[in-house]
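Trainee: Please take me through the interior of this model. I would like a close look at its enclosed cavities and what lines them, then a word on the aromatic contacts.

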Amino acid sequence: MPEHEAGGTLGTPTLEVRDFLLRRREQIAQRWADEPLFRTVFTVSRDEAVEAGKAVVDALAQVADAQRVEDPDAAGFTGVREQLARMGAARSRAGLSTTQVSSELAALWPPVENLLVADLEQASPEGLRECSTTLSVLMGTLRLVAMQTALSEGQALIDRQRLQLLEVATPVIKLWDGIVAVPLIGTLDSARSQVVMETLLNAVVDQHARFAILDITGVPTVDSLVAQHLMKTVAAARLMGAECVVSGIRPAIAQTIVHLGLDLGTVKTRASLADALGYCLHELGANIVNAAPDGVGRR
């Protein structure tokens with residue numbers, strides 16, 4: 001470790017911080033490996049936590065070298081964003097709140113500060129204070145980068161889960177050979193309408209369906225954009241070689257469609273899912289029988 005004469009002056013604080021980080025890289029990583037953020041994430045071996053710590057120190061040194069200690073978009077952070085995201089996600093999965101994760105990130109500062117004070121003990125008080133301030137800002141920026149990355153990853157996870165829930169909430173049921181149905185329940189928005197279209201068209205191909213029933217009995221209302229999506233779904237199914245039947249149109253929805261001036265003249269509609277299934281079976285040439293009071297009779 002280079003010695004600094006007592007009362008002497010240091011160079012540019014950011015460059016001094018860079019040199020300090022490179023000199024103390026191993027010691028910083030060793031101390032960080034014992035902190036909860038690293039210790040609880042890298043559980044396979046302590047060496048893994050140390051290597052992860054070294055990567056973060058290298059990133060900090062690169063940012064200091066560029067003298068962009070206040071910039072969370074500095075190029076030096078690029079290499080560790082993915083690692084920071086994994087660490088933040090791991091702690092979130094462990095049940096920690098965003099505030100708790102932030103606190104664990106803040107706990108990385110004291111070990112580095114202690115090493116800085118020991119490393120620059122021969123420096124002037126003013127020089128030490130400037131370097132300490134610069135390093136504090138740099139660590140604060142690292143904390144900001146980590147939280148931004150964790151929140152971004154968290155939002156991406158929420159978006160993926162939302163899409164999965166939409167797919168689960170939009171099941172395609174095979175009612176008969178050549179007949180599939182999508183019973184819709186709840187509010188329809190543009191995103192869900194798009195999922196309905198994709199799910200239904202995939203089912204038409206997979207099941208070699210000749211008829212596809214869109215049952216909207218459980219949909220309380222639709223807006224103009226959703227109504228147009230439904231019309232596009234009907235048209236797309238027709239292009240795939242399947243006839244689309246819409247069933248369960250509520251009075252309020254019927255009024256909306258009329259008010260919007262949408263032409264359903266080419267779309268087959270039925271009052272209920274049962275009626276739509278009966279129509280499709282009839283078109284397929286299937287015989288439908290009802291149990292009569294005095295026996296079984298054909299309808």
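Mentor: Cavities come before rings in what follows. Keep in mind that this is a predicted model.

Searching the whole structure turns up two cavities of 30 Å³ or more. Start with the largest cavity. It encloses about 140 Å³ of space. Its lining is made up of 15 residues. Closest to the centre are Leu-230, Met-231, Val-246, Ile-257 and Leu-264. Now look at where the lining comes from. Strand 3 (211-218), helix 10 (224-239) and helix 11 (251-260) are the elements that give two or more residues to it. Helix 10 has the largest share, with four residues. The chemistry is simple to state. In the lining of the largest cavity, 14 residues are nonpolar, one is polar and none is charged.

Turn to the second largest cavity. Its space is about 60 Å³. The residues around it are Leu-37, Leu-84, Met-87, Gly-88, Val-101, Leu-105, Ala-146, Met-147 and Ala-150. Three helices each supply at least two of these lining residues: helix 5 (78-93), helix 6 (98-106) and helix 8 (125-168). By class, eight lining residues are nonpolar and one is polar, with no charged residue. The polar one is Gly-88, because Gly is counted in the polar class.

Next, the rings. The structure holds three aromatic pairs. One of them joins Trp-32 and Phe-38. Their ring centres are 5.9 Å apart, with 15° between the planes, and the pair is stacked. Are these two side chains buried or exposed? Trp-32 has 0% relative accessibility, so it counts as buried. Phe-38 is also buried, at a relative accessible area of 1%. Phe-38 has a further partner in Phe-42. That pair is stacked too, at 6.2 Å centre to centre and 25° between the planes. Why does 25° still pass as stacked? It does because the cut-off for stacking is planes under 30 degrees apart. Phe-42, like Phe-38, is buried. Taken together, Trp-32, Phe-38 and Phe-42 form one aromatic cluster.

One ring contact involves a charge. The charged end of Arg-270 sits over the ring of Tyr-279. The distance to the ring centre is 4.5 Å.

To recap the cavities: the largest has a lining with 14 nonpolar residues, and the second largest has a lining with eight. Neither the lining of the largest cavity nor that of the second largest has a charged residue.

Methods. Residues numbered from 1 in each chain as written. Predicted model: local features only at pLDDT ≥ 70, side-chain atom pairs only at ≥ 80, totals over all residues. Heavy atoms only, no water. Phe/Tyr/Trp six-rings, centres within 6.5 Å; stacked < 30°, edge-to-face > 60°. Buried < 20%, exposed > 50% of the residue type's maximum accessible area, 1.4 Å probe, protein only. Lys NZ or Arg CZ within 6 Å of the ring centre and 35° of its normal. 1 Å grid on protein atoms, 1.4 Å probe; cavity = no way out; pocket = protein on both sides within 12 Å on 5 of 7 lines; lining within 4 Å. Points joined across faces, edges and corners; volume = space filled by probe spheres on them.
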